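Hi everyone, thanks for making time for this. I'd like to walk you through a structure that is new to most of you, so please have a look at it on the screen first.

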Amino acid sequence: MKRLAYYIRLWMGYQRMGLVEMTQYPADTVILVISLVLREAAGFIGVLAIASAVGGLGGWGIYEICLMFSMCALVESLSQTYFDNVWGISYLVHEGRLDVLLVRPAPVFFQVLGDVMHYPALISMAIYAGVMVYALVHLGIGFGVGLLLFLAEYLICGIAVNTGIYTIFNCLNFWIVQGEDVAVLVQTCREFAKYPIGAFPGVIRTIFTYVLPFGFVGYYPAAYLTGKTGSWVLAGLPLSAVAVAAVAAVFWRLGSRAYDSTGT
């Protein structure tokens with residue numbers, strides 16, 4: 001219990017540091033908020049425009065697409081807020097900054113996650129939470145304990161999948177110089193997960209279900225809520241989260257063991 005209390009206090013300390021940093025650079029914060037909102041809005045409008053032009057997308061109506069897109073964006077926003085520093089692994093490794101974390105008593109990966117907080121991303125989260133509620137109401141999906149429990153499961157598992165995949169590919173920086181480029185390519189592929197993956201060929205569906213399971217970030221949870229798939233999603237979410245987290249843990253462990261500072 002003492003150990004857990006220590007980690008909670010440490011995490012709260014990182015939260016305070018993130019808030020102080022945000023208030024110290026208000027102009028940067030405003031620019032980041034605007035860029036996040038515009039980026040997500042552009043993608044959302046693009047999906048809606050395509051769906052409106054063809055009368056739907058892969059058998060999904062406008063409100064169903066709104067639900068799926070908002071669920072996917074919610075996971076991305078929360079991941080950006082609290083766990084986005086997995087993208088800092090490249091800098092920490094190639095600049096030798098990981099040395100500083102190695103001599104501290106807390107677990108290194110815990111420090112990596114807590115070192116950077118992007119609170120402006122919560123603005124995007126609030127916007128898409130509103131879009132999700134709007135879609136649920138128009139789809140006639142009633143609010144209740146069952147829905148709230150499922151949304152909690154999807155958020156926790158979705159964040160684990162999202163952050164885990166990014167961690168795996170950013171850990172390539174321990175072995176190759178441009179490992180971040182591979183991670184960026186994977187992030188680009190994630191954009192396909194904002195569309196109904198059932199509309200893609202079988203090989204694409206397989207990739208986003210078993211190889212890069214971004215389908216569990218938005219598509220499958222939304223499909224379950226709209227009755228387009230069965231209750232297997234309730235088990236599929238935690239299984240995918242555990243599998244991705246386990247692989248990410250292995251990559252981090254092997255990579256941190258291979259780390260050999262910069263010598264400067």
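Let me begin with a tyrosine. Is Tyr-220 buried or exposed? Tyr-220 counts as buried, because its relative accessibility is 11%, and the cut-off for buried is under 20%. Before I go further, please keep in mind that this is a predicted model, and that goes for everything I show you today.

Now, what does Tyr-220 pair with? Its partner is Trp-232, and the two rings sit edge-to-face, with 5.2 Å from centre to centre and 70 degrees between the planes. Tyr-220 belongs to helix H11, residues 219–225, and Trp-232 to helix H12, residues 232–258, so this pair ties together parts that are 12 residues apart in sequence. Trp-232 itself is partly exposed, at a relative accessible area of 40%.

That pair has company, as the structure holds 21 aromatic pairs. Another one joins Trp-87 and Tyr-166: their ring centres are 5.1 Å apart and the planes meet at 55 degrees, so this pair is described as tilted. Here the link is between distant parts of the chain, 79 residues apart, with Trp-87 in the loop between H3 and helix H4 (89–94) and Tyr-166 in helix H8. Both partners are buried: Trp-87 has a relative accessible area of 15%, and Tyr-166 has 4% relative accessibility.

There is also a cluster to look at. Ring pairs connect Phe-109, Phe-174, Trp-175, Phe-251, Trp-252 and Tyr-259. Let me pick out Trp-175 from that group. You will find Trp-175 in the loop between helix H8 (145–170) and helix H9 (179–190). Its relative accessible area is 44%, so Trp-175 is partly exposed. And Trp-175 has a second role in my tour: together with Ile-176, Val-182, Val-250 and Leu-254, it makes a nonpolar surface patch of about 420 Å².

Let's move from the surface to the inside. How many residues does the largest nonpolar core have? The number is 63, and the residues with the most contacts inside this core are Leu-67, Met-71, Leu-98, Phe-214 and Leu-225. Helix H3, residues 62–83, gives the most to the core, with 11 residues.

Take Met-71 as an example. Beyond its sequence neighbours up to four places away, Met-71 touches residues including Met-132, Phe-150, Leu-151 and Tyr-154. Its contacts also include Val-217, Gly-218, Pro-221, Ala-222 and Leu-225.

Ser-70 is worth a stop too, and its place is in helix H3. Ser-70 is buried, because its relative accessible area is 0%. Setting aside neighbours within four places in sequence, Ser-70 is in contact with Tyr-128, Val-131, Met-132 and Tyr-154.

Next, the charged side chains. The count of salt bridges comes to two. One of them joins Glu-64 and Lys-228, whose closest N and O atoms are 3.5 Å apart. Glu-64 is in helix H3 and Lys-228 is in the loop between H11 and H12, so to speak of distant parts of the chain is fair here: they are 164 residues apart. Glu-64 counts as buried at 15% relative accessibility, whereas Lys-228 is partly exposed at 37%.

The other salt bridge is between Arg-190 and Glu-76, at 3.3 Å from N to O. Arg-190 lies in helix H9 and Glu-76 in helix H3, so this pair ties together parts that are 114 residues apart in sequence. Both Arg-190 and Glu-76 are buried.

To finish, let's go back to helix H8 for two more residues. Which residues does Thr-167 touch, leaving out those up to four places away in sequence? They are Val-86, Phe-109 and Ala-248. Thr-167 is in helix H8, and Thr-167 counts as buried because its relative accessibility is 3%.

Gly-164 also lies in helix H8, and it is buried, with a relative accessible area of 5%. With the same neighbours left out, Gly-164 touches Ile-159, Val-244 and Ala-248. Gly-164 and Ala-249 are 85 residues apart in sequence, while their C-alpha atoms are 8.4 Å apart in space.

That's my tour, and I'm happy to go back to any part of it.

Key. Residues numbered from 1 in each chain as written. Predicted model: local features only at pLDDT ≥ 70, side-chain atom pairs only at ≥ 80, totals over all residues. Heavy atoms only, no water. Patch = residues over 30% accessible without salt bridge, like charges linked within 9 Å, V, L, I, M, F, W, Y side chains within 5 Å. Areas by Shrake-Rupley, 256 points an atom, 1.4 Å probe, with all protein chains shown as cover. Salt bridge = Lys/Arg side-chain N within 4 Å of Asp/Glu carboxyl O. Helix = DSSP H or I, 4+ residues; strand = E, 2+ residues; numbered from the N terminus. Buried < 20%, exposed > 50% of the residue type's maximum accessible area, 1.4 Å probe, protein only. Contact = heavy atoms within 4.5 Å. Core = buried A, V, L, I, M, F, W, Y, C linked by side-chain atoms within 4.5 Å. Phe/Tyr/Trp six-rings, centres within 6.5 Å; stacked < 30°, edge-to-face > 60°.
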